[in-house]
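Please look through the sequence and the structure below before reading on. The paragraphs that follow go from one chain to its partner and then to the core.

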Amino acid sequence: MITDQTVFATTATILVFLGLFSMFYSRNLLKTIISFQIVVFGANLALFSSGLSQASNLMANTLVLLSIVVGGSVEAVGLALIVLVHRAYGTLDPWKIRRLKH
Amino acid sequence: MAAEVALLLCAALLVTVIAAIFSKSMSVTVIMLFYASLVLGIVFTIYQGVVIGLVHITTFAGAMSVMLLTVVLMTGETKLELGNRTLAALLATVTVLVVAASSYSLFSATPSIPQTTVQPAPDIFSFIWMFRPWDLLILIIVFAAAMIAVANLLSQKGAHA
């Protein structure tokens with residue numbers, strides 16, 4: 001029998017792996033941040049689905065809230081760093097940035 | 001709630017995320033990510049997590065989408081390719097899926113289902129919910145620290161470049 005929790009847990013796993021795949025294979029720092037956001041979505045969904053089978057899901061809700069705030073903060077700082085990198089190197093390709101540094 | 005609603009919402013979420021990952025245009029990616037955030041917020045809201053649904057939509061569909069679009073415009077890393085048929089068809093599919101899921105959950109609701117959202121049950125972790133204002137204050141402090149860091153990073157004062 002398929003339950004809501006099973007569906008959410010499966011979707012969360014797929015989201016995390018899609019995000020990781022995109023993070024490893026992207027050649028643009030903006031796409032890397034977007035992939036990180038997708039991984040955060042998967043983590044949030046996994047945390048939320050873990051509380052669905054319990055009598056009360058207060059702990060899961062609290063953890064999801066914390067995860068949202070931390071994910072948003074990390075993403076904001078990452079975007080600011082991307083702007084600085086673009087100002088300094090003129091590109092967002094990590095391989096070109098590595099070559100320009102040496 | 002029936003598992004069909006969860007299946008529909010998760011299908012919509014996966015479609016938007018896959019479109020965001022495999023799109024060649026950065027603007028389409030950001031728009032698809034906005035839709036994914038919205039769908040995930042709806043999932044939280046429908047499954048009795050109204051507070052986190054609201055915070056999720058405010059943070060990711062609101063603030064982060066605007067920041068992403070701003071950075072895309074500042075760096076000029078994309079060509080705006082809006083108005084093509086594939087994007088329109090994809091958006092229409094996502095919209096239909098979300099509307100169908102919402103309608104199903106609305107019409108299948110019975111009066112016996114409690115209308116309240118999150119109730120503090122006698123749980124070992126329920127003390128966390130009792131200290132909710134302090135928890136929210138700490139989260140706001142984390143956000144404020146991140147915004148100060150962003151402001152310092154983007155500040156022109158003291159830049160040597």
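Two residues are taken to be in contact if their C-beta atoms, placed from the backbone, lie within 7 Å. The model is predicted, with local features needing pLDDT of at least 70 and side-chain atom pairs counting only at pLDDT 80 or more, while totals for chains, interfaces and linings use all residues. Residues are numbered from 1 along each chain as its sequence is written, and chains are lettered from A and ligands numbered from 1 in the order in which they are written.

Among the contacts in chain B between residues at least 6 apart in sequence, 64% join residues at least 24 apart. Chain B has 6 helices and 0 strands, where helices (H or I, at least four residues) and strands (E, at least two) are DSSP runs numbered from the N terminus.

Turning to the partner chain, 53 residues of chain B are in contact with 47 residues of chain A. Helix 3 of chain B gives the most to the side that touches chain A, with 14 residues.

The largest nonpolar core, a set of buried Ala, Val, Leu, Ile, Met, Phe, Trp, Tyr and Cys residues joined through C-beta atoms within 7 Å, has 62 residues; a residue is buried if 20 or more other C-beta atoms lie within 10 Å of its own. Helix 2 of chain B supplies the largest share of this core, 15 residues. Leu9(B), Ala36(B) and Val39(B) have the most contacts inside the core, and Leu9(B) touches Val39(B), Ile42(B), Val43(B) and Ala101(B), not counting residues up to four places away in sequence.

Key. Buried ≥ 20, exposed ≤ 12 C-beta atoms within 10 Å, placed from the backbone.
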